[in-house]
Amino acid sequence: MAPVRPPYANGVPLPRWLARLNRRVTNPVLRPLAGRLPAFGVVVHRGHVSGRLYRTPVTTFPSEGGFLIALTYGRDVDWVRNVLAAGGCRLIHRGRPVDLVDPRILPLQRHAGDIPAWIRGILRLLRVNEVLRLRSSSATGPRAEPKTVR
């Protein structure tokens with residue numbers, strides 16, 4: 001299947017300067033809360049070049065057998081590249097760690113039913129039209145306890 005190309009300029013729904021501001025200001029404040037709030041989570045991933053462990057707050061939604069993560073800054077950001085290179089990540093969602101595998105970038109509209117309508121409206125206003133789909137590594141579903149710590 002050919003990769004889906006985003007229709008927004010430069011492949012980024014939100015401007016790069018906002019991503020830099022969020023990385024330095026908003027993320028450190030949100031990180032302790034994001035893993036417990038509905039519609040948020042923290043992606044725990046390792047830099048594919050540096051090997052360093054990172055924790056990135058994201059907008060996430062449980063989906064059949066896994067999770068969807070809204071790509072609010074597009075597909076060309078460090079955390080997405082790291083997750084794709086590693087073939088998965090750990091997600092802290094509502095205080096529970098979940099190991100996720102098989103990352104795939106898909107059109108948001110393919111999984112629109114898994115995202116609350118009011119949030120879909122916000123994502124549409126922000127011109128977000130892609131999600132990262134990850135499958136739970138356990139057979140019991142997205143809220144299962146992980147087998148190992150990464």
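A salt bridge is a side-chain nitrogen of Lys or Arg within 4 Å of a carboxyl oxygen of Asp or Glu. By that test, Asp76, Asp78 and Arg81 are linked in a network of salt bridges. The model is predicted. The chain has 150 residues, and 45% of them are buried. Three helices and six strands make up its secondary structure.

**Overall layout**
- Read from the N terminus, the elements run α-β-β-β-α-β-β-α-β.
- Take the contacts between residues at least 6 apart in sequence: 67% of them join residues at least 24 apart.
- The chain exposes an accessible surface of about 8,500 Å². Carbon and sulfur atoms account for 57% of that surface.

**Nonpolar cores**
- The largest nonpolar core holds 17 residues. Val43, Ile69, Trp79, Val83, Leu100, Leu132 and Leu134 touch the most other members.
- Five elements each supply at least two residues of this core: strand 3 (66-70), helix 2 (78-86), strand 4 (88-93), strand 5 (96-107) and strand 6 (130-136).
- Another core, of 10 residues, lies apart from it. Its members include Phe61, Ile119, Leu123 and Val128.
- Leaving out residues up to four places away in sequence, Val83 touches Val43, His45, Gly88, Cys89, Pro103, Leu132 and Leu134.

**Helix 2**
- The buried residues of helix 2 are Trp79, Val80, Asn82 and Val83. These residues lie on the same side of helix 2, because they cover an arc of only 165° around the axis.
- Their cover includes strand 1 (40-46), strand 2 (53-63), strand 3, strand 4, strand 5 and strand 6.
- Gly87 follows helix 2. The phi of Gly87 is positive, near 80°.

**Salt bridges**
- The whole structure contains six salt bridges.
- Asp76 pairs with Arg81 in one salt bridge, with the closest N and O atoms 2.5 Å apart. Asp76 is partly exposed, at a relative accessible area of 45%. Arg81 is also partly exposed, at 32%.
- Asp99 forms a salt bridge with Arg90, and here the closest N and O atoms are 3.0 Å apart. Buried means under 20% relative accessible area. Asp99 has 5% relative accessibility, so Asp99 counts as buried. Arg90 has a relative accessible area of 8%, so Arg90 is buried.
- Arg104 and Asp102 form a salt bridge, their closest N and O atoms lying 3.2 Å apart. Arg104 counts as partly exposed, at 47% relative accessibility. Asp102 counts as partly exposed too, at 29%.

**Surface patch**
- Trp118, Ile122 and Leu126 form a nonpolar patch on the surface. Together they have about 320 Å² of accessible area.
- Leu126 sits in the loop between helix 3 (117-125) and strand 6. Its relative accessible area is 32%, so Leu126 is partly exposed.

Note on methods
Residues are numbered from 1 along each chain as its sequence is written. This is a predicted model: local features need pLDDT of at least 70, side-chain atom pairs count only at pLDDT 80 or more; totals for chains, interfaces and linings use all residues. Side-chain values use heavy atoms; hydrogens and water are left out. A nonpolar core is a set of buried Ala, Val, Leu, Ile, Met, Phe, Trp, Tyr and Cys residues joined through side-chain atoms within 4.5 Å. Buried means under 20% relative accessible area, exposed over 50%, partly exposed in between (1.4 Å probe, protein chains only). Helices (H or I, at least four residues) and strands (E, at least two) are DSSP runs, numbered from the N terminus. Contact means heavy atoms within 4.5 Å. Patches are made of residues with over 30% relative accessible area and no salt bridge: like charges are joined within 9 Å, nonpolar side chains (Val, Leu, Ile, Met, Phe, Trp, Tyr) within 5 Å. Accessible areas come from the Shrake-Rupley method with a 1.4 Å probe; for residues, only the protein chains shown count as cover. The arc is that of the directions from the helix axis to the C-beta atoms.
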